[in-house]
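This report describes how the parts of one protein chain meet. Please keep the structure in view while reading.

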Amino acid sequence: MNITITKTDQLKPHPKDTALGFGTVFTDHMFNMDYDPKNGWHNPRIEPYQPIIMAPSTMVLHYGQAIFEGLKAFRTEDNQIQLFRPQENFKRLNLSARTMCIPEFDEELALEGLKKLIRLEKDWVPKTLGTSLYIRPTIVAMDPFLGVRASYTYRFFIILSPVGAYYPEGFNPVKIWVTKDHVRAVRGGVGFVKTAGNYAASLFAGEEAHKNGYTQVLWLDGVELKYIEEVGSMNIFFVINNELITPALNGSILSGITRDSVISMAKKQNMKVTERKISIDELFDAHAEGKLQEAFGSGTAAVISPVGIIKYNDRVINIGEGNVGPIAKRFFKDLTDIQYGKVEAPKGWIEKITD
Ligand code: COI
């Protein structure tokens with residue numbers, strides 16, 4: 001399928017790298033593609049970044065049939081632009097599509113469209129270490145209809161946003177809040193895919209955490225409210241007795257690509273890595289016994305985010321006395337060295353965007 005390009009004649013000013021936060025600035029163009037039952041996915045095109053006009057009855061606005069991804073493009077020291085494991089994101093977007101009754105798309109075409117878009121927007125990829133071009137592929141239900149069913153028509157779009165650190169803390173320890181009053185996902189639900197509703201479901205507890213001075217919520221399982229799941233914007237890792245432990249993928253945890261990368265790097269470094277159930281009580285006991293060395297999150301937006309304080313009921317633990325632990329530091333460096341092209345990447349992890 002031919003991907004057409006329509007350029008804008010109104011280019012926006014670029015912010016300075018030092019002014020970049022997360023998700024507030026968008027580039028000049030976007031990728032669009034439509035689906036209807038007669039034509040399938042069709043009309044892949046690059047167009048000026050613009051509003052999507054939809055009727056108030058459009059299904060995504062009512063029933064949340066929406067899925068998305070987050071990945072990044074990096075500028076290397078020799079001024080090349082490269083993507084980190086983009087095939088994995090499009091594969092997961094299709095998993096989300098199947099789960100949410102959205103027709104699957106051609107992953108190669110989507111990657112080709114993304115590369116074409118980034119080539120056009122290459123000057124938007126920031127230069128400073130710690131900055132990148134965040135990429136948000138999204139699919140939304142477009143039928144103007146109020147009955148509850150899967151939509152027949154969809155819009156696939158990709159927008160780009162130059163970003164700095166996701167958390168205002170940067171690469172400093174964040175405070176996380178464990179809630180027993182709310183759950184993010186349940187057994188048999190859609191917690192393992194990136195669909196809008198999972199994030200909507202996290203907002204109430206997130207607000208509660210913020211009001212109490214905490215950055216994020218650490219979710220427990222939706223059945224027993226006992227086992228640690230994820231943070232919502234990232235997966236979670238603990239170092240206990242020199243062993244790297246992360247909750248096993250159980251159907252309600254997102255299968256993070258950064259999570260997978262950390263596990264793979266740790267195994268290569270001969271670190272003991274275990275994916276298993278870990279209860280919040282086990283975590284607090286490990287801390288009490290002096291065995292909990294580090295906690296950190298992993299995610300595309302968050303990269304590696306050290307966790308300094310965890311609050312659960314009236315118990316608060318402080319990990320690392322406000323300092324970033326050596327293992328979180330090492331994974332941050334190993335991962336960003338690969339992403340910024342400073343070291344050779346494992347096979348298939350880097351997709352270069354050539355002119
Ligand atoms: C990401 O890490 O890219 C995410 O999608 C998490 C969040 C910003 C929604």
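A salt bridge is a side-chain nitrogen of Lys or Arg within 4 Å of a carboxyl oxygen of Asp or Glu. By this rule, 1 salt bridge is found across the interface of domain 1 and domain 2. The model examined here is a predicted one.

**The two domains**

The domain assignment of the protein gives domain 1 as residues 4-164 and domain 2 as residues 174-339. To their contact, domain 1 contributes 21 residues and domain 2 contributes 19 residues. The C-alpha centres of the two domains are 27 Å apart. Between them, domain 1 and domain 2 bury about 1,700 Å², and 63% of this area is on carbon and sulfur atoms. On the side of domain 1, Phe68, Phe84 and Arg92 supply 35% of the area buried against domain 2, which is more than any other three residues supply.

**Polar links across the interface**

Which residue forms a salt bridge with aspartate 260? The partner is arginine 85, and the closest N and O atoms of the pair are 3.0 Å apart. This distance lies within the 4 Å that the rule allows, so the pair counts as a salt bridge. The pair links distant parts of the chain: arginine 85 lies in the loop between strand 6 and helix 2, aspartate 260 lies in helix 6 (residues 257-268), and 175 residues separate them. In the whole structure, the search finds 17 salt bridges.

Polar contacts also cross the interface of domain 1 and domain 2, where 12 residue pairs are found, with both residues at pLDDT 80 or more. On the side of domain 1 that touches domain 2, the elements that give two or more residues are strand 4 (66-68), strand 5 (71-75), strand 6 (81-84) and helix 2 (86-99). Helix 2 provides the largest share of this side, with 6 residues. Sorted by class, this side of domain 1 has 10 nonpolar, 6 polar and 5 charged residues.

**An aromatic pair**

The whole structure holds 18 aromatic pairs. In one of them, the rings of phenylalanine 22 and tyrosine 166 have centres 4.7 Å apart and planes at 85°, so the pair is edge-to-face. Why does this pair tie together parts that are 144 residues apart in sequence? Phenylalanine 22 is in the loop between strand 1 (4-5) and strand 2 (29-36), whereas tyrosine 166 is in the loop between strand 8 (154-163) and strand 9 (174-178), so the pair joins these two parts.

**Residues with positive phi**

Two residues that are not glycine have a positive phi, as the table shows.

| Residue | Phi | Place |
|---|---|---|
| Asparagine 241 | about 55° | loop between strand 11 (235-240) and strand 12 (243-247) |
| Valine 303 | about 60° | strand 15 (residues 303-312) |

Asparagine 241 is thus placed in a loop, whereas valine 303 is placed in a strand.

Methods. Residues are numbered from 1 along each chain as its sequence is written. This is a predicted model: local features need pLDDT of at least 70, side-chain atom pairs count only at pLDDT 80 or more; totals for chains, interfaces and linings use all residues. Side-chain values use heavy atoms; hydrogens and water are left out. Domain bounds come from an automatic or database domain assignment. Contact means heavy atoms within 4.5 Å. Buried area is the accessible area (1.4 Å probe) that two parts lose on being put together, summed over both. A polar contact is a pair of N or O atoms within 3.5 Å; within protein, one must be able to donate a hydrogen and the other to accept it, and residues adjacent in sequence count only if both atoms are side-chain atoms. Helices (H or I, at least four residues) and strands (E, at least two) are DSSP runs, numbered from the N terminus. Ala, Val, Leu, Ile, Met, Phe, Trp, Tyr, Cys and Pro count as nonpolar, Asp, Glu, Lys and Arg as charged, and the others, Gly among them, as polar. Rings of Phe, Tyr and Trp (its six-membered ring) pair if their centres lie within 6.5 Å; planes under 30 degrees apart count as stacked, over 60 as edge-to-face and the rest as tilted.
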